[in-house]
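Please walk through the following model step by step, beginning with its surface and ending with the empty space inside.

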Amino acid sequence: MNHDNIDEKWQKRWEEAGIFNAEIDTNKEKFFVNFPYPYMNGYFHIGHAFSLIRADVFARYKRMCGYNVLFPFAFHCTGTPIVAAAQRVAENEPKQIEILRQMGIQEEEIPKFADPLYWVSFFPNETMYDLKRMGASIDWRRRFITTSANPYYNAFIKWQFNKLKKGKYITKGEHPVVWCPKCKSPAGDHSRLEGEGASPEEVFLIKFHMDGVVLPTATYRPETSFGVTNIWVNPNADYVEAKVDDEVWVVSRKSIEKMDAQKHAVKVIRSLKGKELIGKYSTNAVTGGKVPVLPAYFIEPATGTGIVMSVPSHAPYDYAALKDIRDDPKKHEVTPDLIRYIEPVSLIEVQDFGAHPAIEIVEKMEIRGQDDSKLEGATKDVYRKEFHTGVLNKNTGKYAGLKVSEAKEILAKDFVRENKAILIYELSEEVICRCLTRCIVKIVSDQWFLNYSDIKWKAKVHDALNGVTLYPEKVRGQFEYVIDWLKDWACAREFGLGTRLPWDERWVIESLSDSTIYMAYYTIAHYLEGEKPLIKAENLTDNFFDYIFLGMGNVEEVAIGAGVSPALLKQMRAEFEYWYPFDFRNSGKDLIQNHLTFCLFNHVAIFPKKYWPSGIGVNGFIKVDGEKMSKSRGNFYTSRQIYAAYGADVTRITLMYGGEGLDDPNWDTEFAKSIGPKLKQWHDFAIGNYDSEYESKITTRHIDRWFQSILHKTIKATTEAMDRTELRTALQKGYFDLQRYLKWYTRRTREYNRDLMNQFIEVQTKMIAPLVPHICEEIWEKLGKKDFISLTEWPQYDETLIDEKIERAEEFIKGVIADVQEIFAVARIKEAKTAHIYTAEDWKWEVMELVASTRFQQGKDMRDVMRNVMQDSELRKRGKEVSAFVQKVTSERIFVEKIDENGVLRDDREFIEGEIGMKLKVNPEYDPQNKRKMAIPGRPAIYIE
C-alpha cells in the first residue's frame, strides 16, 4: 500500500470539500481547539508534532461526537530570534550556516536568510505544507503571521496593550531582567537557545575581609554563614581587584559585567589569578572568625562572584572537596597546616539526620570526591530536608530556634543593614541567547513591565484556573505554583520584529507578550487576512476591537469608522461570541511557566468571565527511542523527515502511542516499522469481511453475545479515555485490545455472525479514524460509505448489551484451555486422550459468597466470617473441610461471581476439544486421584490421562 497516494488522495478531497472550514452553526455545540503557534525559525520537529497531533486527534474526535469544531493555526515570527539568526547569516557565522545546512536548506538559498523577512515568508509556507501532509484538520482560512508586516495583527496587539495599560496592568519601573549583553535587550524565553524558564533570583553576598579588601561570597543560604570553615576559589580562574561602590573587592573577571549591570559603580584596579589568594586568611563579617582560602576546581567563575564560602556540615560539595584536599594536600598545593584545624560546624537540627547532614550523606552514598556525579542529588536531598524540617541551633546565636524556611528573610535584612552582606541577582540556571551570548541579570530602568506580581490580578487568575478543565488534572498544582511565583515581566524591547508599543514607539512588544490572547483573533482572522480582506487595516481602531470582543460602542458608529456595513460587524461579533472561549489549548509542559499562565493573566485582564479559557492540555517532551531528542545526539528529526520515512498515519499513531499525561512520550522506531503492516492487515480484513448486503439478525450464540458485549464495553472504555485525552490508553483499548478480541472471536467460531462482524468493522475503523484518518477514509470508501469517516458519528455504546457474566464465562473457557495445555506440557504426557474437568461443588460457591458478604461489612474480622458461615447447618456438617476452605478463600482473596461452569464447559465442549487436542469430560464420576476436592470457584481441577 502506497501511503503517499492514499495521503494525497484524502488530503485533496478534504481540502476540496472544505470539511474543516468551521462556520457558525447554532444547532450544534461548538468546540474550539488550538495549539500555540510555533516560532518560525526552522522546520516543524516531532516534538512540536506530538503536541499538535494530540490537538488534532482530539479535534477529530470531537467532530465525530457531533461538535462543531474550530481548529485554526498561525505562525509566530515576532521578537529577536529571527533577527539575531539573520544577522548571524549576514556575518557568515559558521554555526548558524551549518544549522541551515542541517535543515536541508540548499547552499544557493542560504544567503537569502540574511534578510529576516525571508525567514518570515519561507518557514510558514513550509510548515503549512508539512502539517497538511500530516493530515492536520485545520481551518487554514484563518491562518496569519505575526510580524510588523501584518498591519491587521498589529492593530489587534495595540488594542490589547492599550486595554492592559488602561487597566493598570502595565507599569514602568526598575526591575531585574534576563539580559543579553550583545543584543542589549531582555532575553525572553523565545529568545533563548538554553535556559528557557530561568529567571532572576536573589543571591546574598556574604562579606569576608582580607588585607583591606572584601571577598564577597555568593550564597542562597545566608543562615549557613555561621558555619563557614574556609573560602573556595578556582586557582586557574581570572580574578580582578576592583572598586565596587565604596569598597575594594576581589571577584572573578566574569562577574564584573553583572555587577555593572546591576547598578554598582565598578572600576577595575588590577588583574590576578585565583592561585594568588590560596593560603591567605579572611575574616567572616558575620562571625568575626578567620578562615583560610583553599583551591576548588569546581568553582565556576561566571557564577556568583567566583568566590564561594565552604560549609562542610551542610553542603555535600564542600565536604567532598575538603576531604579531597585532606587526602592529598600536596596534589592540591596546600600545606597541611592550612587545613589541620578545620572542623565542621553544625548549624541545623534536621529530621532524619545527625549534627552533620552533608557528611552523613556523602559517606552513606559512598561519594568518592568532588567530581562524583552523585553530589548533585545528595545536595538536593540535604537542602530540601533542611529547608522543610530544619531548625537553627545554638551556633547561630540569637537566631537559634528559627525554622530554616523562615530564617532567610530575617537574616538577610539584618546582614544587609549591618553591612555584612549585600543582595544581588543571579540566574536560576545558565541562559544562552540565540545570538550565542551568555545572558546575565540586569536591573533596567524606564522599562515597561506586565505587573504579574500584582496580588489582586493573581487572585482573578486563580479564579479563572478554577474554571479550567485541565488535561491531565494533576497539572493543576503546577499552574497554581506559577501563578503565585510569577513576577513582573519585561514586555518590550528596543529592537526585533513585532508590534510597537502604541504609546511609546521606541519599544517593540516582545514575543511572549504578544501571544497571550490571539486565540480570540482566530475567530475573525478570515475576515481580515488573505488576498481579499473585508476591512482596510488602517480602519482597525480600538473602537473596532472593543465592539467585536467586548460588545462596547454603537455598531452604526463603529461601522462608519471601520468603513464597513453594520451587518458585517454584527457577523464578526457573532463569530467571536459563538466560538469563544476556547475549549482546548494543547502544549508542552514547558509553557506552563510562561505562555500558558500568561494566557490566563491576560484573559482575565481584558475579557468578561464568560470568555475566560475553558480547557488546557499539557504533555511531556518527546524522546527518541528512549533518549532525549537533541541535535548533539544525532536523533533530532523534523516532521518532514519522519513523514518521508513512514507517511502520515504511521507517524501519527506512533507519536500517540508514545505516551500520555505529563510523562515524556517516546518515539519508538521499532513500533513505527511494525505498525504500518498491521494497519494494512486491518485494511484488507475490513474490506474482505464486510458484507453490506447482509440483513440484520438477532444474535443467539454464546460467542456472539460475548463479542457484542466486549465490543460495547470497549467502545465505552475508549470513549472515556478519549474524553480525558488519554490517547495512548484509547489506542490500546480501541485498537490493540479490539484486535485481540477479534482474533479470539475468529478462533472461536467457524462462521461469523455477519451483522456483528459488520458492526465490528465499522466500530473499529471509526475508533482509530482520529489517529489514522487517511487509511480509515480509504477503508470507509471501500465499504461503500458515501460520507467522510472524519464526519461520521463516533460509535455509541449500549450498557444493556454489556454482559459481565458472559465475559467471565469466556475468560473461564480461556483459562481452562490454558491450564490443560500447561499441565500437558509440564507433565510431558506423550499420548494423552482425555481431559477430565471437575468444577467446584455448590457448597464452595455458597461459602465464598458468605465470606464475601461478611468481609465487606465494616469492622468484621475472621471470627465474624467463620461465625456467619457456620450458621448454615449443612455447612457445619462439613466441619474442618469448610474451615480450611474459608481460610483459603480469605488468604487468597478468591471472590468471583458465580457462573454455570458445568454448563459453559458442556456447551463449548467441541471448541475446547479442538483447542486441547483430546476428549473432554466434564464432572465425570471417574476421579482416580480425588481431584474433585481440589476444585474451587473459577479454578476447576484437571486430570489428564
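How much area does the chain expose, and what share of it do carbon and sulfur atoms supply? The exposed area is about 41400 Å², of which carbon and sulfur atoms supply 48%, with areas taken from the Shrake-Rupley method with a 1.4 Å probe. This is a predicted model, in which local features need pLDDT of at least 70 and side-chain atom pairs count only at pLDDT 80 or more, while totals for chains, interfaces and linings use all residues. Residues are numbered from 1 along each chain as its sequence is written, and side-chain values use heavy atoms, with hydrogens and water left out.

Of the 945 residues in the chain, 57% are buried, a term that stands for under 20% relative accessible area with a 1.4 Å probe and protein chains only. Along the principal axes, the C-alpha atoms fill a box of roughly 105 × 80 × 55 Å.

The chain has 33 helices and 33 strands, which are DSSP runs (H or I, at least four residues, for helices; E, at least two, for strands) numbered from the N terminus. One of the helices, α2, covers residues 46–64, and 18 of its 19 residues are buried. From its first C-alpha to its last, α2 reaches 26 Å, close to the 27 Å expected at 1.5 Å a residue, where the expected span is 1.5 Å times one less than the number of residues. After α2 comes Gly-66, whose phi is positive, near 100 degrees.

Notes. Buried means under 20% relative accessible area, exposed over 50%, partly exposed in between (1.4 Å probe, protein chains only).
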